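Okay, thanks everyone, let's get going. I've got one structure to walk through today, so have a look at it first.

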There are 2 protein chains.
Amino acid sequence: MQSRHPASRTGRPRSAAADAAILAATRDALVELGWSGLTLSDVATRAGVAKTTLYRRWAGKHELVVDAVAELFDELELPDRGSLAADIEGVVLQFAAILARPEARSGLMAVVAEATRDEPLRERIRASIVDRQIRLVLEGRARALRRGELPPEPDPAESSRTVDLIFDMVAGAVVHRTLVSGKPADEAWVHSFTRVLLLGLAAQPDGGAVQA
Amino acid sequence: MQSRHPASRTGRPRSAAADAAILAATRDALVELGWSGLTLSDVATRAGVAKTTLYRRWAGKHELVVDAVAELFDELELPDRGSLAADIEGVVLQFAAILARPEARSGLMAVVAEATRDEPLRERIRASIVDRQIRLVLEGRARALRRGELPPEPDPAESSRTVDLIFDMVAGAVVHRTLVSGKPADEAWVHSFTRVLLLGLAAQPDGGAVQA
DNA sequence: GGCATTACGCTACGGGTCGTAGCGAAAGCT
DNA sequence: AGCTTTCGCTACGACCCGTAGCGTAATGCC
């Protein structure tokens, strides 16, 4: 996950159990202490490993937290719920549930903040967290195109820009609602959000289910 | 700004020049060192004040950076550009320009991350940064209602929820685009974003200017 | 002008974390 | 067995934090 061993065929292998214990301990520490209170010494103690073992696998606090938080997003799925609106509402609610957990709240924004000055860290975040979410957008969009719910875009470059835009609008809105505004992205909010995303602000107020 | 002196009528007054120097030095340090590299000792040296002076005014790194970053958002304005679409594009471009500056990039997400575990800090962010942006949304929406570009919402509670939703969608998308995706929110992106926000994803692809 | 009051600059300090070095023991592979 | 790498442990210098103490500077009030 963090260090590629091309073919370390000899010597004592690294303990996979230690990896899991360290990442779990990191999440526990995030819940109890938050980002600024988290220390690598404390994580090592919680995980039952020596501090030096921790430093052999991760370069620092940032990289460790990226990996610990990334595992939270493994549960994201996009089952076919019949319509684009239903698909969006479903995945956004999952996303919101993850962001509601304290170990994600404190850790995620902190590593993003540090990534603004740390290109390798940004790449790590992209590979571990962002790419998986982009894939969900691609899948949901392809499904909606097959259903005829979205206008086709033949130009690949234009299509790529649209996917990026949708991703930033969806993830950005949920993150901002949860972490900046500090209010829950509950069903009512997600419903209103999906409606605006699909039909626009100029559409007449709700009244019922969204049907694109 | 940070400590209200109800009526400190006696004694030596606090130096307003020191306040300005400290906040400017904080932004300089954010540019050069980033959030994690910023130390209060360094800021004090840059500002030409003693470290103790700094601690008399701010409780810690987080509060200081909130105030230093908040000043960046003072320049946000919402002139009447004739249409809702033009108003949105204009203010979003301003917002994106602020977020493109390194002193905002590294500092903003870091304090938001810490605010997830620090209620007073969250309140400080709300009062210094978020409220001003909410006011822009309120103003732009009222203007659009007068123009007949948005459907009226008589219920105040419903109207308040709509304003919050718009705010999270606009600010969230720009922040996510700039800080997570790491791509510039340039004119082309802002134009596409505004189009989706007003007309929805289901609308036919662009071709020209947006006219709601 | 004198006095009380507050802000300021400076120095020094204990406490804590960081990240690394060095060592002996453990756990694999051939 | 023998080789190689990991692991746990201890210790260490370096750095930053946040505060205390002191003498000095700047204001308002009498």
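I'll go through the DNA side, then the contact between the chains, then the domains of chain A. Keep in mind that this is a predicted model.

So, DNA strand C. There are 25 residues around DNA strand C, and the closest ones are A:Arg12, B:Gly11, B:Arg12, B:Thr52 and B:Thr53. Which helices give at least two residues each to the surface near DNA strand C? On chain A that's helix 2 (40-47) and helix 3 (51-57), and on chain B it's helix 3 (51-57). If you sort that surface by class, you get twelve polar residues, seven charged and six nonpolar.

Okay, on to the two chains. Chain A puts 46 residues into the contact and chain B puts in 47. Looking at the chain B side, at least two residues each come from helix 1 (16-37), helix 6 (102-115), helix 7 (119-147), helix 8 (156-180) and helix 9 (187-199). Helix 8 of chain B has the largest share there, with 14 residues. And the make-up of that side of chain B is 26 nonpolar, eleven polar and ten charged residues.

Last bit, the domains. Chain A is assigned domain 1, which runs 16-57, and domain 2, which runs 69-199. Their C-alpha centres sit 28 Å apart. Where domain 1 and domain 2 of chain A touch, each one gives six residues to the contact. On the domain 1 side, those are four nonpolar, one polar and one charged.

That's my tour, happy to go back to any of it.

Conventions: Residues are numbered from 1 along each chain as its sequence is written. Chains are lettered from A and ligands numbered from 1 in the order in which they are written. This is a predicted model: local features need pLDDT of at least 70, side-chain atom pairs count only at pLDDT 80 or more; totals for chains, interfaces and linings use all residues. A residue is near a molecule or strand if its C-beta atom, placed from the backbone, lies within 6 Å of it. Helices (H or I, at least four residues) and strands (E, at least two) are DSSP runs, numbered from the N terminus. Ala, Val, Leu, Ile, Met, Phe, Trp, Tyr, Cys and Pro count as nonpolar, Asp, Glu, Lys and Arg as charged, and the others, Gly among them, as polar. Two residues are in contact if their C-beta atoms, placed from the backbone, lie within 7 Å. Domain bounds come from an automatic or database domain assignment.
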